[in-house]
Amino acid sequence: MACPHVSSVRGVRLYWTVHPANPMLKPPDLDPRSVRLQFSRRAVRFAGVDFLYREIEQRMFERLEMIRVAPGRILDVGCGLGGGLEKLAGRFPSARLLGIDAADGMLRHNVFAPGAQVDTLGRRLRGWAGRLWGASTEAPAAGRVGLVAADAARLPVGDRQAGLLWSNLAWHWFDDPPAVAAEWHRVLEPGGLLMFSAFGVDTLRELRDLGAQLPELPDLHDVGDLLGQTAFVDPVMDVERLTISYADPQRLLDEWHGMGGNASRDRGRGLRTPRQRQRWIDAIESLRGNDGRIAISVEIVQAHAWRGEPTVGAD
């Protein structure tokens, strides 16, 4: 089966200056229940289509190497199958880690599921997480990792608990980004590091131009402003534009459907007929270039910032 080719491009780094007059980020029109169900159903085959998640994960780790940080407790929000958790456990061998994902199906197939403490009931297990935070740092990785099904805006840990909050390609699946940003600020300890990535607005623009019904994606500028308005300090925003090329239009559709699909509230319901599917195949064929491949744009937003304190006016 032909594999996609990923080529990198141009990257831009912005040391963000917050615009306090700008409104908070508009929540996307996402159905959180559909997000949970879709990812749970795709968990069994997700490892076969998650090449882009692993690619961006690697780029995030390269960026992390340039930042001096030694967290004792780490949260991975949207941890999925646990590839990032596994690397974080190796990168920080004395840290305790908690993987969070709204899709309990993903947690059941997580690489740490056999040996880690796991809760897929979605409860607010503050005491349970506290016991994990107190686990021995001499334990093997599985003994230092816990997994819990929870919403990114309602994390099952107490205030100021984590030294690093990590999230790879999950932000664009949150239906209330301002609430998530506030919650992430709550759980980070003073001076704690936030690092996350997301698909940006230009992702799959070729398919949008063909009329594809796709969920809204975040704008770099709105995300940067939101971090500052939530009292994160020194936000740094990176944007990279990738091109992914495919030999086969069906492979393109299968992989992007497998990586998440569409969970918008106004998405079309029901299955496509064979004729409708063929029309989409034909439309995508129109994107084939002189090299014989079908090129699709992906915009990757990476951000990191530090946990600051809200400004209090003088009396």
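**Burial, pairing and packing in a predicted model**

Colleague: Why is strand β10 (residues 294–307) described as largely enclosed by the rest of the structure?

Modeller: Twelve of its 14 residues are buried, so strand β10 earns that description. Buried means under 20% relative accessible area, exposed means over 50%, and partly exposed lies in between, with a 1.4 Å probe and protein chains only. The model is predicted: local features need pLDDT of at least 70 and side-chain atom pairs pLDDT 80 or more, whereas totals for chains, interfaces and linings use all residues. Residues are numbered from 1 along each chain as its sequence is written, and side-chain values use heavy atoms, without hydrogens and water.

Colleague: How do you know that β10 pairs with strand β9 (residues 232–246)?

Modeller: Two strands pair if DSSP finds at least two bridges between them, and β9 and β10 share 13, in the antiparallel sense. Thr243 stands opposite Ser297 of β10. Strand β8 (residues 188–199) also pairs with β10 in the antiparallel sense, over seven bridges; Leu194 has Ala305 of β10 as its bridge partner. Strands (E) are DSSP runs of at least two residues and helices (H or I) of at least four, numbered from the N terminus.

Colleague: What makes strand β3 (residues 73–77) largely enclosed?

Modeller: Four of its five residues are buried, so the term applies to β3 as well. Strand β3 runs parallel to strand β4 (residues 96–101), joined to it by five bridges, and Asp76 has Gly99 of β4 as its bridge partner.

Colleague: The axes of helix α9 (residues 249–258) and helix α10 (residues 274–285) come within 9 Å and cross at roughly 110 degrees; what does that make α9 relative to α10?

Modeller: It makes α9 roughly perpendicular to α10. Angles of 65 to 115 degrees count as roughly perpendicular, those under 35 as roughly parallel, those over 145 as roughly antiparallel and the rest as oblique. Axes are lines fitted to C-alpha atoms, for helices over the stretch in contact, and angles run from 0 to 180 degrees between N-to-C directions.

Colleague: Which residues make that contact?

Modeller: Pro249, Gln250, Leu252 and Leu253 of α9 meet Ile281, Ile284 and Glu285 of α10, where contact means heavy atoms within 4.5 Å. Five of these residues are nonpolar, one is polar and one is charged. The nonpolar class holds Ala, Val, Leu, Ile, Met, Phe, Trp, Tyr, Cys and Pro, the charged class Asp, Glu, Lys and Arg, and the polar class the others, Gly among them.

Colleague: Helices α2 (residues 51–64) and α3 (residues 83–91) pack at about 25 degrees, with their axes 10 Å apart; what is that arrangement called?

Modeller: The angle makes α2 roughly parallel to α3. Arg54, Glu57, Gln58, Phe61 and Leu64 of α2 touch Gly83, Gly84, Lys87, Leu88 and Arg91 of α3. By class, three are nonpolar, three polar and four charged.

Colleague: Why does Gly200 count as buried?

Modeller: Its relative accessibility is 0%, so Gly200 meets the criterion for buried. Gly200 lies in the loop between β8 and α7 (205–209) and touches Leu217, Pro218, Glu299 and Val301, not counting residues up to four places away in sequence.

Colleague: What makes the phi angles of Arg160 and Leu204 noteworthy?

Modeller: Most residues other than glycine have a negative phi. Arg160 has a positive phi of about 55 degrees, and Leu204 one of about 60 degrees. Arg160 counts as partly exposed at 41% relative accessibility, whereas Leu204 counts as buried at 9%.
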